[in-house]
Amino acid sequence: MSRPVPRRAMVLAAGLATRMRPLTDTTAKPLLAVAGRSLLDRALDHLAAVGVARVVVNTHWQAEAVRAALAARDRPETIESHEETLLDTGGAVVKALPHLGDEPFYVVNGDAFWLDGARPALLRLAEAFDPGTTDAVLLVHRAAQLPSYGGRGDFAVDPLGRVRRPREKEIVPYLYAGVQIAAPALFAGAPDGPFSTNLLWDRAIAADRLRAVVHDGIWLHLSTPEDLAEAEEMLRGRASVFAYAR
């Protein structure tokens with residue numbers, strides 16, 4: 001069943017990214033480059049490619065530099081949501097809701113790096129979003145495809161896309177890939193001030209209104225300078241991949 005693709009989105013670009021220091025001592029993490037293009041530009045490129053027309057970008061750390069990077073782009077239209085005090089992922093979206101409208105919208109972490117598989121991940125999320133039964137659909141990636149990852153995972157996902165958290169001492173297969181489609185209803189009754197979207201996801205899980213799509217392309221976990229170096233090494237020389245990503 002064909003479903004409409006959101007025309008609005010938010011990119012989360014305000015964080016301090018302390019684990020990426022010293023690279024982020026003077027640079028916002030979304031402005032770090034992978035294969036010659038910043039993470040922020042890559043996220044905005046993905047959104048523009050599926051027809052997103054307006055993107056809210058939150059700023060805090062190195063806000064002037066992020067603002068300049070947005071001004072250098074022609075599309076999509078971008079609106080800055082500046083945070084004097086960091087609001088975390090959930091609080092940032094709540095602050096931006098007046099710009100995001102009444103329809104479902106994308107939320108993309110400013111440090112998310114992915115290359116699409118056979119079909120763009122953003123379109124797959126839109127196709128999986130059923131407003132009658134769903135408040136959000138998350139893009140997840142197989143932890144087993146990241147040899148350096150040693151955590152417990154974020155979610156288990158059943159064949160119908162239903163999501164649950166790991167049980168005590170359980171290791172689950174999937175990591176959140178930093179991309180989701182959400183309805184404004186996900187944020188109804190959200191707390192004031194800073195809070196994590198995890199709070200709202202847990203509420204949606206309890207109501208059986210959270211779903212996930214497993215990414216079928218490349219996704220890179222970029223948390224530390226070593227991760228960034230490994231990503232560059234892995235992608236080096238893959239000119240066809242770079243061309244596809246742009």
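**Exposed surface, strand 12 and Arg-152**

Me: How much surface does the chain expose, and what share do carbon and sulfur atoms supply?
Reply: In this predicted model, the chain exposes about 11,500 Å². Carbon and sulfur atoms supply 53% of that area.

Me: What percentage of the residues is buried?
Reply: Buried residues account for 48% of the 246 in the chain.

Me: And what is the radius of gyration against that of a compact globule?
Reply: The chain has 17 Å, and a compact globule of 246 residues would have a value near 18 Å, so the two agree. Along the principal axes, the C-alpha atoms fill a box of roughly 40 × 40 × 35 Å.

Me: How many helices and strands are there?
Reply: There are seven helices and 13 strands.

Me: Let us take strand 12. How many of its residues are buried?
Reply: Five of the five residues in strand 12, which spans 210-214, are buried, so the strand is largely enclosed by the rest of the structure.

Me: Which residues lie on each side of it?
Reply: Leu-210, Ala-212 and Val-214 are on one side of strand 12, with Arg-211 and Val-213 on the other. All of these are buried, and both faces are thus covered.

Me: How does strand 8 run relative to strand 12, parallel or antiparallel?
Reply: Strand 8 (residues 136-142) and strand 12 run parallel and are joined by five bridges. Val-140 has Val-214 of strand 12 as its bridge partner.

Me: What about helix 4; which of its residues are buried?
Reply: In helix 4, residues 121-128, the buried ones are Ala-121, Leu-122, Leu-123, Leu-125 and Ala-126. Their cover includes strand 8 and strand 12 again, along with helix 1 (39-49), strand 6 (105-109), strand 7 (113-115) and strand 11 (174-182).

Me: Changing topic: where is Arg-152?
Reply: Arg-152 sits in the loop between strand 8 and strand 9 (156-157). Its relative accessibility is 40%, and because the partly exposed class lies between 20% and 50%, Arg-152 counts as partly exposed.

Me: Which residues does Arg-152 touch, leaving out those up to four places away in sequence?
Reply: Arg-152 touches Pro-166, Arg-167, Glu-168, Lys-169, Glu-170, Ile-171 and Val-172. For one of these, Glu-170, the C-alpha to C-alpha distance from Arg-152 is 7.1 Å, with a separation of 18 residues in sequence.

Me: What share of the chain's contacts between residues at least 6 apart joins residues at least 24 apart?
Reply: That share is 71%.

Me: Finally, how far apart are the mean positions of the positive and negative charges?
Reply: The mean positions of the 28 positive and 30 negative charges are 4 Å apart.

Methods
Residues are numbered from 1 along each chain as its sequence is written. This is a predicted model: local features need pLDDT of at least 70, side-chain atom pairs count only at pLDDT 80 or more; totals for chains, interfaces and linings use all residues. Side-chain values use heavy atoms; hydrogens and water are left out. Buried means under 20% relative accessible area, exposed over 50%, partly exposed in between (1.4 Å probe, protein chains only). Helices (H or I, at least four residues) and strands (E, at least two) are DSSP runs, numbered from the N terminus. Two strands pair if DSSP finds at least two bridges between them. The radius of gyration is taken over C-alpha atoms; the globule rule is 2.2 Å times the number of residues to the power 0.38. Contact means heavy atoms within 4.5 Å. Accessible areas come from the Shrake-Rupley method with a 1.4 Å probe; for residues, only the protein chains shown count as cover. Lys and Arg count as positive and Asp and Glu as negative; His and the chain ends are not counted. The place of a charge is taken as NZ of Lys, CZ of Arg, CG of Asp or CD of Glu.
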